[in-house]
Amino acid sequence: MSEGIDAWVSRPEQVIAPEIEAPTRVSTPTGASAPQPGLAAPPVGDRLPSAEHMRPASLWVLGTHGGAGESTVAALSAEWRAAEHAWPQIPGQGARVLLTARSNMHGLRAAQTAATQWAAGLVPGVELMGLVIVHDAPGKLPRALRDRIQVVSGGVPRTWSVPWNESWRLGEEVSAAAASREVRRLVSELNVLTGLTKGTK
């Protein structure tokens, strides 16, 4: 009888180690990272109001105008909250804020005004994480809008673009896991920046 391995004896089950996802590498800031003393403030009538909240959040999503995608972006994480178009003020604490705007000229101008309000030091206690531009139509943006985005991006720490999403337009459930690569990247980076997950900055 052969002294080799008995074919009827089961071999030890091979254990395959789970694939480990690489830590998210956060993009380098491309714009203003803190308020700038002496910057001219926008007119009072153009400024976003402030609102006091008793319950904190890891990230507040602030739509700079109606239809900016505030509630949709906030729904990407259970740890995020919609700010209801007002700068959040938490008694005794700071607030991390993410601005949102549509990719049309009206939305980009509103985002620029909100960024200027922050940069002029009018919203103390706010740590601005950046701006998410939610595309309002499929396809490539016109040159005038791309130029405006470049200008607005200089006034916020980081800028992310979220492509047109037909399912969001139809009111389907918002899910980061089922979203586009750009959306998943946005969530991953912000989770690192707000300390929810580990990554590399």
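pLDDT is the predictor's confidence in each residue, on a scale from 0 to 100. This is a predicted model, and its chain averages a pLDDT of 85, with 84% of the residues scoring at least 70. The weak stretch to know about is residues 1-21, where pLDDT stays under 50. For that stretch the model has one contact beyond four places in sequence, so let's leave it aside and look at the rest.

Start with the overall layout. The chain has five helices and nine strands, and from the N terminus on they run β-β-β-α-β-β-β-α-β-α-β-α-α-β. Of the 201 residues in the chain, 38% are buried. Among contacts with a separation of 6 or more, 77% are between residues 24 or more positions apart. As for the surface, the chain exposes about 11,800 Å², and carbon and sulfur atoms supply 52% of that area.

A good place to step inside is strand β3, residues 59-63. Five of its five residues are buried, so β3 is largely enclosed by the rest of the structure. Look at which way the side chains go: Leu59, Val61 and Gly63 point one way, while Trp60 and Leu62 point the other way, and all are buried. β3 also has strand partners. It pairs in the parallel sense with β4 (residues 80-82) over three bridges, and within that pairing valine 61 has alanine 82 as its bridge partner. β3 and β6 also run parallel, joined by four bridges; here tryptophan 60 is partnered with valine 97 of β6.

Follow β6 (95-102) onward and you come to serine 103, in the loop between β6 and α2 (105-119). Is serine 103 buried or exposed? Its relative accessible area is 0%, so serine 103 is buried. Its side chain makes a polar contact of 2.8 Å with the side chain of aspartate 136. Leaving aside neighbours within four places in sequence, serine 103 is in contact with several residues, including Leu108, Ile133, His135, Leu141 and Leu145. Asp136 is on that contact list too, as is Val134.

Next comes α2 itself. This helix has 15 residues and reaches 21 Å from its first C-alpha to its last, close to the 21 Å expected at 1.5 Å a residue. Its buried residues include several alanines, among them Ala110, Ala111, Ala114, Ala115 and Ala119. Gly107, Leu108, Gln117 and Trp118 are buried as well. What covers the buried residues of α2? The cover includes β5 (87-89), β6, β7 (126-134) and α3 (143-153).

After α2 there is glycine 121, with a positive phi near 80°. A little further on, glycine 125 sits in the loop between α2 and β7. Setting aside its neighbours within four places in sequence, glycine 125 is in contact with Gly94 and Ala95. The C-alpha of glycine 125 is also 9.0 Å from that of proline 88, although the two are 37 residues apart in sequence.

Now go back to the loops on either side of β4. Serine 77 is in the loop between α1 (70-74) and β4. With 11% relative accessibility, which is under the 20% cut-off, serine 77 counts as buried. Its side chain reaches the backbone nitrogen of glutamate 79 at 3.1 Å. Serine 77 and serine 175 are 98 residues apart along the chain, yet their C-alpha atoms are separated by 8.4 Å.

On the other side of β4, the loop to β5 holds glutamate 84 and histidine 85. Most residues other than glycine have a negative phi. Glutamate 84, however, has a positive phi near 60°, and phi of histidine 85 is positive too, near 60°. How accessible are they? Glutamate 84 counts as exposed at 61% relative accessibility, and histidine 85 counts as partly exposed at 30%.

Finish at helix α5, residues 181-193. At 1.5 Å a residue its 13 residues should span 18 Å, and its end C-alpha atoms are 18 Å apart, which agrees. The buried residues of α5 include Val183, Leu186, Val187, Leu190, Val192 and Leu193. Glu189 and Asn191 are buried too. Just after α5, glycine 195 takes a positive phi of about 85°.

Conventions: Residues are numbered from 1 along each chain as its sequence is written. Side-chain values use heavy atoms; hydrogens and water are left out. Contact means heavy atoms within 4.5 Å. Helices (H or I, at least four residues) and strands (E, at least two) are DSSP runs, numbered from the N terminus. Buried means under 20% relative accessible area, exposed over 50%, partly exposed in between (1.4 Å probe, protein chains only). A polar contact is a pair of N or O atoms within 3.5 Å; within protein, one must be able to donate a hydrogen and the other to accept it, and residues adjacent in sequence count only if both atoms are side-chain atoms. The expected span of a helix is 1.5 Å times one less than its number of residues. Two strands pair if DSSP finds at least two bridges between them. Accessible areas come from the Shrake-Rupley method with a 1.4 Å probe; for residues, only the protein chains shown count as cover.
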